[in-house]
Amino acid sequence: MEEKIEYPLDVKYCGVCSLPLEYCEYTAEYEKCKEWLKANIPDAYKALIGQVADQLGDMEVSEGAAKKKQTRGGKGVVRAPKKKNVTKKVALSRAQRNKKKYVTVVTGLGTFDIDLKKAAKIFAQKYSCGSSVTGDDEIVIQGDVLDDLLDFIPEKWPEIDDDSIEDLGDQKR
Ligand SMILES: [Zn+2]
């Protein structure tokens, strides 16, 4: 190495790979580098080993945290574990109340862990009409909005794709 390179920092070079010490770990001779370092610049060796140990420590911590999040689920964006044996399917149907009035029935939003009360409210706002939770996993919207829902539902809840929505058409209620 040339001795008179002036750096603002005191850069030390490795006697094995001739790179600045912080690059040793990227070389094929890293093990030799470490031995050289241990013998020649023990302080730097300790610092380097300490640094690697810290990095490993951090990784373990963050992996552990991620696993906890996955298994706990629930809060925020992390969704609760899926219920087993439940087919995720949203079904839309229309029922005629009298000659001119239809209601649209949405079932299955619950299978996507969607809050039915909130969904009913969203429909009410979207279509400016009555909309309420009427059963275990059923929302009735006062109006014929079935065709629009086919587009609106996957738009509003991207986890529900077109294939998961069944159009049952007109049903008697
Ligand atoms: Zn080296």
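Just 16% of the 173 residues in the protein chain are buried, meaning that 20 or more other C-beta atoms, placed from the backbone, lie within 10 Å of the residue's own. What you're looking at is a predicted model, where local features need pLDDT of at least 70, side-chain atom pairs count only at pLDDT 80 or more, and totals for chains, interfaces and linings use all residues. Residues are numbered from 1 along each chain as its sequence is written.

**Overall layout**
- The protein chain has four helices and five strands, taken as DSSP runs numbered from the N terminus (helices: H or I, at least four residues; strands: E, at least two).
- Going along the sequence, you meet them as α-α-β-β-α-β-β-α-β.

**Strand partners**
- β1 pairs with β2 through six bridges, running antiparallel; pairing takes at least two DSSP bridges between the strands.
- Those two strands, β1 and β2, make a hairpin with five residues between them, and A91 has T107 in β2 as its bridge partner.
- β1 also runs parallel to β5 (residues 165-170), with five bridges joining them; here S93 sits opposite G169.

**The nonpolar core**
- The largest nonpolar core holds 18 residues, and V90, V106 and I139 are among those with the most contacts inside it; such a core is a set of buried Ala, Val, Leu, Ile, Met, Phe, Trp, Tyr and Cys residues joined through C-beta atoms within 7 Å.
- Two or more residues each come from β1 (90-96), β2 (102-107), α3 (116-127), β4 (138-141) and α4 (146-156).
- Leaving aside neighbours within four places in sequence, I139 is in contact (C-beta atoms, placed from the backbone, within 7 Å) with residues including V106, L109, A119 and F123.

Terms used
Buried ≥ 20, exposed ≤ 12 C-beta atoms within 10 Å, placed from the backbone. Contact = placed C-beta atoms within 7 Å.
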